[in-house]
Structure formats: C-alpha cells, structure tokens
Amino acid sequence: MRHGTRIGVLAATAAVPLTALAISACGGGGSGATAPPTTASGKAATVGLANEGNLGKILVDSQGRSLYLFQKDMGTTSECAGACAAAWPPLRATGKPVVATSLSASKIGTTARSDGKPQVTYNGHPLYLYSADQKPGDTNGQGLNAFGGAWFALSARGNMVSGQGSGSGLGY
C-alpha cells in the first residue's frame with residue numbers, strides 16, 4: 001500500500017466517529033428539549049410546567065426536570081429522609097420560590113425539613129426530583145412505589161398525575 005493511500009484510509013476512518021459526534025451534538029429533538037421555566041419578567045422560575053408526553057403538562061424545576069409528590073407525606077411534612085432523600089432529592093430554593101406564569105403563585109411555598117432547611121411545596125405537597133431522571137423530560141419515577149409510598153408527577157393544579165412515565169425507574 002502506498003503511503004498516500006494509507007493516510008487517506010486513516011483520515012476517512014477518523015472522520016466517521018467525528019461526523020457521528022457532530023451529528024449527535026446537534027440534538028435529537030427528543031423530550032430532553034424542555035426549556036427551563038421563566039416568570040413573566042423572564043427570570044428563571046423555581047417551578048414551571050412542561051408537556052411530558054404520556055403525562056401531559058406536569059411540574060418541572062428550574063432546569064426542566066420532572067417534579068414528584070410522595071404519597072406518604074403528611075400535609076407539608078416530608079416523610080422522606082436518609083436513603084430516601086438520596087434517591088428522591090427534595091427541591092430546595094434559596095429565598096422565596098417563584099412559579100412560571102402558567103402556574104398559581106398562591107400555591108407555592110416552603111416547608112422546613114428535619115435538617116431545618118426549606119423544601120419547596122406546591123399545593124401543599126413537598127416537591128422532589130428523582131435521581132434516575134437523567135435529563136429534562138425524563139419521568140422514570142412516575143408511579144413507583146418506593147420507601148413506603150407511591151411517587152407521582154403533579155399537574156398545574158398541584159394534584160397527582162396518573163399515567164406511565166418515560167421508563168421503569170429503579171425502584172427502592
């Protein structure tokens with residue numbers, strides 16, 4: 001094989017993965033394209049609303065990640081601590097939490113957790129993320145029964161949403 005031909009083959013071989021990388025960097029247009037929620041003034045909202053496929057419009061955090069309620073919670077008191085809070089991190093806020101324009105500002109608040117720090121609530125429910133949700137649009141925690149209770153996404157009214165999430169989740 002001539003030297004020039006060998007360089008051409010090597011260059012062509014290197015171009016294939018680089019082309020694939022460039023194409024994947026452009027995004028696939030999947031459900032991970034959820035835009036972060038904003039307030040009427042354009043500032044980032046603590047809680048917003050996003051359309052998540054099978055579940056319809058559900059609450060999301062400032063980064064577009066799905067939020068959940070825990071049915072074991074008693075009112076605004078969280079029953080999720082320790083290993084539970086590692087799998088289902090509470091939504092925290094520094095300062096007063098705010099909602100996107102599509103939600104009711106009267107329904108947002110905070111509650112003190114056992115560590116004394118605030119957790120965001122909506123319609124009286126403490127809000128949680130799910131550690132197995134890797135990107136905006138994931139709803140892997142939907143309908144799971146873990147740590148003694150079931151977990152569900154919330155509607156704009158702050159009520160439990162029924163339906164299947166985007167994956168089976170891990171379960172605990």
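## A walk outward from Leu59

Neighbours within four places in sequence aside, Leu59 is in contact with Val47, Gly48, Leu49, Arg65, Ser66, Leu67, Leu103, Tyr122, Leu127, Leu154, Ser155 and Ala156. Contact here means that heavy atoms lie within 4.5 Å. This is a predicted model, in which local features need pLDDT of at least 70 and side-chain atom pairs count only at pLDDT 80 or more, while totals for chains, interfaces and linings use all residues. Residues are numbered from 1 along each chain as its sequence is written, and side-chain values use heavy atoms, with hydrogens and water left out.

Leu59 also belongs to the largest nonpolar core, which has 16 residues; Val47, Leu59, Leu67, Val120, Tyr122 and Leu127 touch the most other members. Strands β5 (118-122) and β8 each supply at least two residues of this core. A second, separate core has 13 residues, among them Cys84, Ala85, Ala146 and Trp151. A nonpolar core is a set of buried Ala, Val, Leu, Ile, Met, Phe, Trp, Tyr and Cys residues joined through side-chain atoms within 4.5 Å. Buried means under 20% relative accessible area, exposed means over 50%, and partly exposed lies in between, with a 1.4 Å probe and protein chains only.

The overall layout comes next. The protein chain holds two helices and eight strands, and along the sequence their pattern is α-β-β-β-α-β-β-β-β-β. Helices (H or I, at least four residues) and strands (E, at least two) are DSSP runs, numbered from the N terminus. Of the 172 residues in the protein chain, 39% are buried. Among contacts between residues at least 6 apart in sequence, 65% join residues at least 24 apart. The protein chain exposes about 9,200 Å², and carbon and sulfur atoms supply 57% of that area. Accessible areas come from the Shrake-Rupley method with a 1.4 Å probe; for residues, only the protein chains shown count as cover.

The strands can be taken in sequence order, starting with β1 and β2. Strand β1 (residues 47-51) runs antiparallel to β2, and five bridges join them. Two strands pair if DSSP finds at least two bridges between them. Within this pair, Ala50 stands opposite Ile58 in β2. The two strands form a hairpin with five residues between them, and Gly53 in the turn has a positive phi of about 55°. Strand β2 (residues 57-61) has four of its five residues buried, so the strand is largely enclosed by the rest of the structure.

An open sheet of three strands follows the order β3-β8-β7, with antiparallel pairing. Strands β3 (68-70) and β7 (145-146) stand at its edges with a single partner strand each, so one side of each has no neighbour in the sheet. Two bridges join β7 to β8 (residues 149-153) in the antiparallel sense. The bridge partner of Asn145 in β8 is Ala150. In the loop between β7 and β8 sits Phe147. Phe147 has a positive phi near 60° although it is a residue other than glycine, and its relative accessible area of 26% makes it partly exposed.

Another open sheet of three strands has the order β4-β5-β6, and its pairing is antiparallel. Strands β4 (108-112) and β6 (125-126) are the edge strands, each pairing on one side only. Strand β5 is antiparallel to β6, and the two pair over two bridges. Thr121 stands opposite Pro126 in β6. The loop between β5 and β6 contains Asn123. Asn123 is not a glycine, yet its phi is positive, at about 55°. With a relative accessibility of 31%, Asn123 counts as partly exposed.

The last feature is a covalent link. The structure holds one disulfide, a disulfide being a pair of cysteine sulfur atoms within 2.5 Å. The disulfide joins Cys80 to Cys84, with an S to S distance of 2.0 Å. The angle about the S-S bond is -110°, and the link is left-handed. Both ends can be placed by accessibility: Cys80 has a relative accessible area of 1% and is therefore buried, and Cys84, at 3%, counts as buried too. Cys84 also leads back to the cores, since the second one, of 13 residues, includes this cysteine.
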